[in-house]
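Q: Could you take me slowly through one part of this model, the place where the ligands are held, and explain what lies around them?

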Amino acid sequence: MTAYPEPGLPGQVTVYEVGPRDGLQAEAAVVPTSEKIAFIRALRAAGLPIVEATSFVSPRWVPQLADATEVLAGLEPDLAPYPVLVPNQRGLDRALESGARSVGVFVSATQSFAQRNLNTTRTAAIEAAQSVTAAALGHGLAVRGYVSMCFGDPWEGPVAPQTVAAVSRELFDAGCYEVSLGDTIGVGTAGHVGALLAAHEQVDRLALHFHDTYGQALANVHAGLRGGVTTFDASAGGIGGCPFAGSATGNLATEDLVWMLDGLGIQTGVDLRAVVAAGAAITRRIGKITQSRVAAALTVG
Ligand code: HMG
Ligand code: MG
């Protein structure tokens with residue numbers, strides 16, 4: 001593909017792959033551990049620098065990821081490129097026992113989703129994330145923060161940028177190296193992305209995490225690039241969702257993101273064809289067709 005760089009955009013972007021975690025957490029089909037490991041390895045081999053591998057959440061809440069310990073065991077010895085989600089101290093303890101080097105804590109910008117996703121209040125979830133972050137830092141781990149429902153919430157409606165920025169600040173102050181702003185139900189639009197970034201002080205330490213429910217994810221990435229963001233979450237095949245927000249569909253497809261970045265001449269280090277192959281294998285395994293327009297086009301063509 002001939003690249004046509006656009007003035008003012010970054011020369012390099014980090015694609016943060018979340019398919020093995022966000023992608024598989026809401027699937028009816030439970031993927032065998034060995035196939036999860038093969039999926040993660042294929043994504044790394046495709047050049048993705050970070051592959052969020054799994055979650056150490058309650059297996060009663062998310063049975064799809066109950067094998068988190070076994071997944072990390074299959075990825076040893078170097079677990080630095082494989083962050084995992086931890087909802088509480090118990091999750092952190094399990095992650096540490098498994099040798100994790102990098103964890104993600106997650107909170108909600110809204111009360112309703114904090115209750116549904118973490119069975120607690122918005123404020124208590126932030127306090128828990130702060131204390132888990134402190135403990136993880138004490139063990140020398142890198143900690144990423146996630147804020148969910150940054151654009152809108154199915155129960156509460158639109159969410160104000162200032163509300164989100166206040167929550168992000170709590171996570172940065174706790175010591176998170178990066179905060180990923182989640183459009184959990186995919187209702188964000190490009191101008192809203194600009195407004196959300198403008199409400200933040202540390203845009204260079206933000207990542208954006210778009211679910212593509214309304215087909216706005218790529219336009220929103222472009223708005224993020226213009227606003228100075230250089231890390232974007234995505235999942236191979238566009239798989240994903242949240243079991244506790246029914247209106248959350250798949251993440252932005254990694255293939256679609258890489259195609260757009262390649263076209264802009266933005267370096268990612270990712271081999272598009274290899275991601276297409278990894279996405280095809282996992283979507284076949286869970287009995288779904290790919291949500292990636294690029295993967296579909298390249299596969300037919
Ligand atoms: P709870 O029921 O209030 O917690 O859930 P609990 O302390 O009463 O524990 C219930 C049971 O789970 C107990 O077991 C605990 O021991 C066990 P029992 O005694 O009944 O046998 N337990 C655990 N087991 C293993 N690992 C743990 C753990 N914690 C408790 N870490 C809790 C509270 C936080 C545990 C629960 O709500 C939970 O696990 N929530 C996770 C929900 C989740 O994974 N959501 C999806 C990820 S977030 C997301 O997708 C959004 C994101 O992509 C960004 C975006 O799109 O916006 C990041
Ligand atoms: Mg998500």
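A: What follows is a close look at the surroundings of the two ligands, with a few words on the backbone afterwards. The model is a predicted one, and that should be kept in mind throughout.

We can begin with ligand 1, which takes up the space of the largest pocket. Around ligand 1 there are 27 residues, and the closest of them are Q25, N117, N119, S148 and T184. If we sort the residues of this shell by character, we find 11 nonpolar, 11 polar and five charged ones.

Some of the contacts can be described atom by atom. The side chain of R21 has an N or O atom that lies 3.0 Å from an oxygen atom of ligand 1, and R60 places a polar side-chain atom 3.1 Å from an oxygen atom of ligand 1. With F56 the partner is in the backbone, where a polar atom is 2.9 Å from a nitrogen atom of ligand 1. Taken on its own, ligand 1 has 1100 Å² of accessible area, of which the protein covers 76%. The elements that contribute two or more residues to the shell are helix 1 (19-25), helix 4 (89-97), helix 5 (111-118) and strand 6 (142-148).

Ligand 2 is a magnesium ion, and its protein donors are D22 through OD, H209 through NE2 and H211 through NE2, at 2.1 to 2.3 Å from the ion. Along the sequence these donor residues follow the spacing D-x186-H-x1-H. Because D22 belongs to helix 1 and H209 to strand 10 (residues 206-210), this pair ties together parts that are 187 residues apart in sequence.

Two details of the backbone complete the picture. Most residues other than glycine have a negative phi, and most peptide bonds are trans. N119, already named among the closest residues to ligand 1, has a positive phi near 55° although it is not a glycine, and N119 is placed in the loop between helix 5 and helix 6 (122-138). The peptide bond joining E76 and P77 is cis, with omega about 15°, and P77 is found in the loop between helix 3 (68-73) and strand 4 (84-85).

Notes. Residues numbered from 1 in each chain as written. Chains lettered and ligands numbered in written order. Predicted model: local features only at pLDDT ≥ 70, side-chain atom pairs only at ≥ 80, totals over all residues. Heavy atoms only, no water. Near = heavy atom within 4 Å. Polar contact = N/O pair within 3.5 Å; in protein donor to acceptor, adjacent residues only side chain to side chain. Areas by Shrake-Rupley, 256 points an atom, 1.4 Å probe, with all protein chains shown as cover. 1 Å grid on protein atoms, 1.4 Å probe; cavity = no way out; pocket = protein on both sides within 12 Å on 5 of 7 lines; lining within 4 Å. Sits in = over half its atoms within 2 Å of the grid points. Helix = DSSP H or I, 4+ residues; strand = E, 2+ residues; numbered from the N terminus. Nonpolar A, V, L, I, M, F, W, Y, C, P; charged D, E, K, R; others polar. Donors = N, O, S within 2.8 Å, 3.2 Å for Na, K, Ca; no water.
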